[in-house]
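Take a walk through this fold with the sequence at hand. The route runs from helix faces to single residues.

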Amino acid sequence: MRSYKVGTRHSRLALEQTKSVVNSLMRIRRQIQINILKIKSSGDLDVRPLYTFDSKGIFEKEIDQAVINGYADFAVHSAKDIPTELFSDLALASVPTRSAVNDVLIHRNGLKLSELPGGAVIGTSSLRRAVQLLRMKPELRVKPIRGNIETRIKKVETGSYDAVVLAQAGLDRLGLTEHITERFDVIDFVPAAGQGALALVCRRDRPDLLSLLKLIEDPRSRAELEAERNLLSVVEGGCKFPVGVVALSSNRPNLLTLNAKVFSADGSDQIFITEKGRIEEARSIGIKAGQRLLDKGVKDFSQSWESALKKWNNLQ
């Protein structure tokens, strides 16, 4: 029996995601054994708000290094955590079927966003979510929050925050959907690139693993992720320059639609673009959309974010 080791973060969500991948692979190839290797990332050890980090890949770098060094054979990541450029030794080997893409609101008294009173405190670790919340309801108080999903829900239940905004996919995977107050539409409240998707990474020189992991890939999910990541690679968006982007694919007539929003720091201005094409053209769709954002002056927004980040940091 062939044995493999898969690297993952140690959080409950990361472990659930990894177990789902392991179970899928072992259902297809019953003659293999896959052991889970839990690894602490720099993002797990450093509790600063995410937007204060200068480097990308804070939740995957150590895990990917373990794959490169041979301590793990492959890794399972949340796709939105991985940078657009992987280590040169690695390949994005597989993208399983994507889960829910949208963000959700959790409020301790079951209120929806439109029902929240002025001054309600909303927790989020994402500048993208923060600016969209304030565009929709300027009288809110949006404050940074860190911690795993369970910790954030607990902070709502104990009154530290009136509500939090989270990705629905994580709640689905942990069986915590009963806490959801409101599901946001992905066009009105645009998610992060890769949200709801998993990314399986292994060394480029492992054809055995590349073939194995490809067995559980979903082509539509791969196309959506490729379009979103290629847009980011053009715009160079990241934690310090929030970009909302979502690709939606359809088998009939085999189309992919990419929607993207970028905001000024105060939320007063936005650039919204839509790019369409065939699923097979996912990469070029993302590149074209990214270039359209640049042509519309998206880089001008970056100048307003430095002072906004300082103000946001003072809210901790």
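**Helix faces, a helix pair and single residues**

Helix H5 (residues 149-157) turns its buried residues toward H1, strand E5 (103-107), strand E8 (163-167) and helix H6 (168-174). Those buried residues are Ile-149, Arg-152, Ile-153 and Val-156. They sit on the same side of H5, because they cover an arc of only 100 degrees around the axis. This is a predicted model.

Step back to the whole chain. It holds 10 helices and 13 strands. Of its 316 residues, 54% are buried. Take the contacts with a separation of 6 or more: 70% of them are between residues 24 or more positions apart. The accessible surface is about 14300 Å², and carbon and sulfur atoms account for 47% of that surface.

Now turn to helix H7 (residues 207-214). Which of its residues are buried? Leu-209, Leu-212 and Leu-213 are buried in H7. Viewed down the axis of H7, the buried residues fall within an arc of 90 degrees, so they line one face of the helix. What do they pack against? The partners of the buried residues of H7 are strand E1 (2-8), helix H1 (12-28), strand E2 (32-38), strand E3 (74-78), strand E4 (90-94) and E10. H1 also appears among the elements packed by the buried residues of H5.

Next comes a helix pair. Two packed helices are described by the angle between their axes and the distance between the axes. For helix H8 (residues 219-235) and helix H9 (residues 282-295), the angle is about 35 degrees and the axes are 7 Å apart. Their crossing is right-handed. On the H8 side, the contact is made by Ala-223, Glu-226, Ala-227, Asn-230, Leu-231, Val-234 and Val-235. On the H9 side, the residues include Ala-282, Arg-283, Gly-286, Ile-287 and Ala-289. The contact of H8 with H9 comprises 10 nonpolar, four polar and two charged residues.

Leu-258 leads on from this pair. It is found in strand E12. Is Leu-258 buried or exposed? Its relative accessible area is 0%, under the 20% limit, so Leu-258 counts as buried. Beyond its sequence neighbours up to four places away, Leu-258 touches residues including Ala-227, Leu-231, Gly-286 and Ala-289. Those four residues are also listed in the contact of H8 with H9. Other residues touched by Leu-258 include Val-245, Val-246, Ala-247, Ile-273 and Ile-285. Leu-258 and Ala-289 are 31 residues apart in sequence, and their C-alpha atoms are 7.7 Å apart.

The loop between strand E11 (243-250) and strand E12 (255-263) contains Asn-251. Asn-251 has 51% relative accessibility, over the 50% limit, so Asn-251 counts as exposed. Its C-alpha atom is 9.8 Å from that of Arg-278, 27 residues away along the chain. Asn-254 lies in the loop between E11 and E12 too. Phi of Asn-254 is near 65 degrees, a positive value in a residue other than glycine.

Finish with another loop residue, Gln-195. Its loop runs between strand E9 (182-183) and strand E10 (198-203). Gln-195 is buried, with a relative accessible area of 0%. What is Gln-195 in contact with, leaving aside neighbours within four places in sequence? The contacts of Gln-195 are Lys-80, Arg-98, Ala-100, Val-101, Asn-102, Asp-103, Arg-128, Arg-129 and Ala-167.

How values were computed:
Residues are numbered from 1 along each chain as its sequence is written. This is a predicted model: local features need pLDDT of at least 70, side-chain atom pairs count only at pLDDT 80 or more; totals for chains, interfaces and linings use all residues. Side-chain values use heavy atoms; hydrogens and water are left out. Helices (H or I, at least four residues) and strands (E, at least two) are DSSP runs, numbered from the N terminus. Buried means under 20% relative accessible area, exposed over 50%, partly exposed in between (1.4 Å probe, protein chains only). Contact means heavy atoms within 4.5 Å. Accessible areas come from the Shrake-Rupley method with a 1.4 Å probe; for residues, only the protein chains shown count as cover. Axes are lines fitted to C-alpha atoms, for helices over the stretch in contact, and angles run from 0 to 180 degrees between N-to-C directions. A crossing is left-handed if the near helix is turned anticlockwise from the far one by less than a right angle, and right-handed if clockwise. Ala, Val, Leu, Ile, Met, Phe, Trp, Tyr, Cys and Pro count as nonpolar, Asp, Glu, Lys and Arg as charged, and the others, Gly among them, as polar. The arc is that of the directions from the helix axis to the C-beta atoms.
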